[in-house]
Amino acid sequence: MSEAPQTLHGTEQGVGTWRRSWPSDAETSSHAAAPDAARGAGFRGRMRGVSPDDRRDFLLRLGTALGIAAGGLWQRRLGAQSIAAARRIDVHHHFAPPAWIAEVNGRPLLQAANTRWTPEQSIDDLDRGATTAALVSITNPGLWFGDATATRRLARACNEYGASLVQRYPARFGLLAAMPLPDVDATLAESAYTCDTLKADGIGLYTTYGNTRLGHPSIRPVTPELHRRNAVVHVHPTAANCCRNLDYAPGVTAGTMEYGTDTTRAILGVTFSGDAAAFPGIRFIWSHAGGTAPFLAGRIDRGSRNAADRMPNGFIPEAKKFFYDLAGAANAGAVASLLQLVSSRQILFGTDFPPGGSNADNAKALAALPLLDDADRRAIEWDNAAGLFPRLGR
Ligand SMILES: [Zn+2]
């Protein structure tokens with residue numbers, strides 16, 4: 001969904017000293033230890049005692065990394081990316097099921113690049129970027145257009161298509177299942193179906209449905225259910241009804257500012273409502289480095305004293321529990337601000353493909369950031385996502 005191209009040049013110098021000024025970040029998070037379990041024990045450790053299927057998946061990944069063709073779709077030439085960086089998972093990658101295209105064609109917020117998506121296009125992009133796998137989700141304009149029955153059907157069609165995609169390419173794709181919010185009952189049913197039957201890897205939500213933001217009491221019954229499931233919940237921004245026609249100067253699109261702003265609104269909705277403190281089992285991933293929330297965190301934290309009954313520790317300790325992807329945000333300003341809030345153990349690689357650019361270009365952008373060292377990049381590109389999505393992180 002990101003219309004804004006990533007620009008990485010010219011401002012990186014000098015920001016390294018900004019890092020980690022908030023007190024102990026990863027160490028205070030209940031989620032921060034999870035990726036450690038996914039760390040490998042070296043090649044022999046990986047291959048010893050694994051099933052033939054596991055071994056095949058590993059060898060396919062290895063083949064991709066080394067540019068060794070094993071046949072069919074795997075016979076693709078690697079791009080210019082470093083082979084050493086091949087263990088990478090893209091957590092912000094969009095797919096476009098035919099039923100979704102039929103519903104959203106001509107609607108506001110739809111980007112043309114998403115209408116041209118094919119599975120082969122995604123796999124080709126992953127291969128050229130030496131990226132192992134992508135978590136796919138539905139992008140803007142989403143699924144909610146005011147008709148609950150239509151949204152319920154559309155979510156089911158998208159999720160069944162996504163599950164079939166994962167079944168066809170299990171080592172390359174994971175599914176973040178779409179939910180028919182703001183219909184709470186339908187969402188409870190769809191979360192059960194996608195998690196229990198389709199074995200989705202996580203849940204995909206939007207920051208806002210109409211004008212109903214995450215954290216609003218009207219959709220709260222969904223939150224304890226996702227907490228009970230210990231769900232990984234990727235939150236994608238959109239433009240709320242209030243703010244999608246504000247008539248800025250020509251050229252200002254929803255992606256220019258509104259998506260980042262709505263992400264901050266949703267983060268405040270989840271924290272100030274008390275949901276984040278009450279339901280810590282949900283592992284939230286916020287898109288685009290958390291919108292403007294990391295930059296505003298100090299100011300928000302001061303305001304959080306007004307919500308002490310729901311957030312007794314204040315905003316920053318809650319925000320430190322979240323994960324944040326770098327789609328459209330692999331630039332010095334965004335990453336420097338994010339590193340004030342969390343460590344690299346809670347930052348994830350993402351591209352926003354197709355409109356957000358290629359895996360190869362996003363990986364290059366990350367590699368060019370001097371405020372990250374090699375250990376940071378390993379955590380961002382692989383370890384953290386492998387912990388959240390163990391099926392893809394083997
Ligand atoms: Zn996106």
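This passage describes the fold of a predicted model, moving from the whole chain to its central sheet and then to one helix and its neighbours.

A good place to start is with the confidence of the prediction. The mean pLDDT of the chain is 83, and 78% of its residues reach 70 or more. The stretch to read with care is residues 1-85, where the pLDDT is below 50. Beyond near neighbours in sequence, that stretch nevertheless has 136 contacts in the model. Taken as a whole, the chain contains 16 helices and 10 strands. Of its 394 residues, 51% count as buried. Contacts that reach across the sequence are well represented: among those between residues at least 6 apart, 81% join residues at least 24 apart.

Eight of the strands form an open sheet, and the pairing is parallel. Reading across the sheet, the order is β1-β2-β3-β4-β7-β8-β9-β10. The edges are β1 (89-94) and β10 (347-348), each of which pairs on one side only. Strands of a sheet pair through backbone hydrogen bonds, in either a parallel or an antiparallel manner.

At one edge, β1 is mostly covered, with six of its six residues buried. Strand β1 runs parallel to β2, and four bridges join the two. One handy landmark for finding this pairing in the structure is His94, whose bridge partner in β2 is Ser137.

Further into the sheet, β4 (residues 202-206) and β7 (residues 232-236) run parallel and are joined by four bridges. Along this pairing, Ile203 stands opposite Val233 of β7, and Tyr206 stands opposite His236 of β7. Strand β7 is itself mostly covered, since five of its five residues are buried. Its side chains can be sorted by direction: Val232, His234 and His236 point one way, while Val233 and Val235 point the other way. Residues on both sides of β7 are buried, the two histidines His234 and His236 included.

On its other flank, β7 is connected to β8 by four bridges, again with the strands running parallel. Here His234 stands opposite Ile285 in β8, and Val235 stands opposite Trp286 in β8. Strand β8 (residues 283-286) is covered on both faces. Arg283 and Ile285 lie on one side of β8 and Phe284 and Trp286 on the other, and all four are buried. Strand β8 also runs parallel to β9 (residues 323-325), to which two bridges join it. Trp286 takes part here too, with Tyr324 as its bridge partner in β9.

Attention now turns to helix α7. This helix has 21 residues and reaches 30 Å from its first C-alpha to its last, close to the 30 Å expected at 1.5 Å a residue. Its buried residues are Thr151, Leu154, Ala155, Arg156, Cys158, Asn159, Gly162 and Val166. These buried residues pack against two strands of the sheet, β2 (133-137) and β3 (173-178), and against two helices, α4 (98-104) and α8 (184-197).

The pairing of α7 with α8 deserves a closer look. Two packed helices are described by the angle between their axes and the distance between the axes. For α7 and α8, the angle is about 10° and the axes are 11 Å apart. The two helices are therefore roughly parallel to each other, because angles under 35 degrees count as such. On the α7 side, the contact is made by Ala148, Arg152, Ala155, Arg156 and Asn159. On the α8 side, Ala186, Glu190 and Thr194 contribute. Among the α7 residues in this contact, Ala155, Arg156 and Asn159 are also on the list of buried residues of the helix.

Leu165 is found in α7 as well, within residues 148-168. Is Leu165 buried or partly exposed? Leu165 counts as partly exposed because 19 other C-beta atoms lie within 10 Å, whereas 20 or more would be needed for a residue to be buried. Leaving aside residues up to four places away in sequence, Leu165 touches Phe95, Pro119, Val136 and Phe173. The contact with Phe95 brings together residues 70 apart along the chain, and their C-alpha atoms are separated by 9.7 Å.

Definitions and conventions:
Residues numbered from 1 in each chain as written. Predicted model: local features only at pLDDT ≥ 70, side-chain atom pairs only at ≥ 80, totals over all residues. Buried ≥ 20, exposed ≤ 12 C-beta atoms within 10 Å, placed from the backbone. Pairing = 2+ DSSP bridges. Contact = placed C-beta atoms within 7 Å. Expected span 1.5 Å × (residues − 1). pLDDT = per-residue confidence, 0-100. Axes fitted to C-alpha atoms, helices over the stretch in contact; angles between N-to-C directions. Parallel < 35°, antiparallel > 145°, perpendicular 65-115°, else oblique.
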